[in-house]
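Trainee: Got a minute to walk me through this one? I'd like to get a feel for the fold.

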Amino acid sequence: MPLDIRRIAPGESKEYDAAAQLIAATFEQCVAHSMDARGIETFLAYAAAPALRARDAAGCATYVAYDGGALV
């Protein structure tokens with residue numbers, strides 16, 4: 001089954017939350033061990049749902065991918 005890749009629609013609060021959780025979990029599992037505490041804190045703040053929403057409101061775009069209905 002092909003991935004469903006699309007932009008998060010404005011106002012989709014739950015989708016921003018889910019995307020931010022996946023980003024944080026992947027970062028913590030794959031990258032955080034190679035960074036100092038300040039770098040981890042900076043990245044997690046940048047990838048938090050409110051930050052994603054704010055950047056999109058300012059003209060950026062956040063995309064998500066689904067595989068069989070699951071966010072990947």
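Mentor: Sure, let's go through the overall layout, then the helix packing, then the core.
Mentor: This is a predicted model, where local features need pLDDT of at least 70, side-chain atom pairs count only at pLDDT 80 or more, and totals for chains, interfaces and linings use all residues. Residues are numbered from 1 along each chain as its sequence is written, and side-chain values use heavy atoms, with hydrogens and water left out.

Trainee: OK, how many helices and strands are there in the protein chain?
Mentor: Three helices and three strands, counted as DSSP runs numbered from the N terminus (helices are H or I, at least four residues; strands are E, at least two). From the N terminus on, the order is β-α-α-α-β-β.

Trainee: And what box do the C-alpha atoms fill?
Mentor: Roughly 35 × 30 × 15 Å, taken along the principal axes.

Trainee: Helices next. At what angle do α1 and α2 pack?
Mentor: About 160 degrees, with the axes 9 Å apart. The axes are lines fitted to C-alpha atoms, for helices over the stretch in contact, and angles run from 0 to 180 degrees between N-to-C directions. That makes α1 roughly antiparallel to α2, since angles under 35 degrees count as roughly parallel, over 145 as roughly antiparallel, 65 to 115 as roughly perpendicular and the rest as oblique.

Trainee: Which residues in α1 and α2 meet?
Mentor: Ala20, Ile23, Ala24, Phe27 and Glu28 in α1 meet Ile40, Phe43, Leu44 and Ala47 in α2; contact means heavy atoms within 4.5 Å.

Trainee: And how do the axes of α2 and α3 cross?
Mentor: Helix α2 (residues 37-47) and helix α3 (residues 49-57) have axes that come within 5 Å and cross at roughly 55 degrees. That makes α2 oblique to α3. On the α2 side the contact uses Ala45, Tyr46 and Ala47, and on the α3 side Ala49, Ala51, Leu52 and Arg55.

Trainee: Switching topic: which residues make up the largest nonpolar core?
Mentor: Eight residues: Ile8, Tyr16, Ala19, Ala20, Ala49, Leu52, Val64 and Tyr66. A nonpolar core is a set of buried Ala, Val, Leu, Ile, Met, Phe, Trp, Tyr and Cys residues joined through side-chain atoms within 4.5 Å. Buried means under 20% relative accessible area, exposed over 50%, partly exposed in between (1.4 Å probe, protein chains only).

Trainee: Which element gives the most to this core?
Mentor: α1, with three residues.

Trainee: What does Ile8 touch?
Mentor: Not counting residues up to four places away in sequence, Ile8 touches Glu15, Tyr16, Ala19, Thr62 and Val64.
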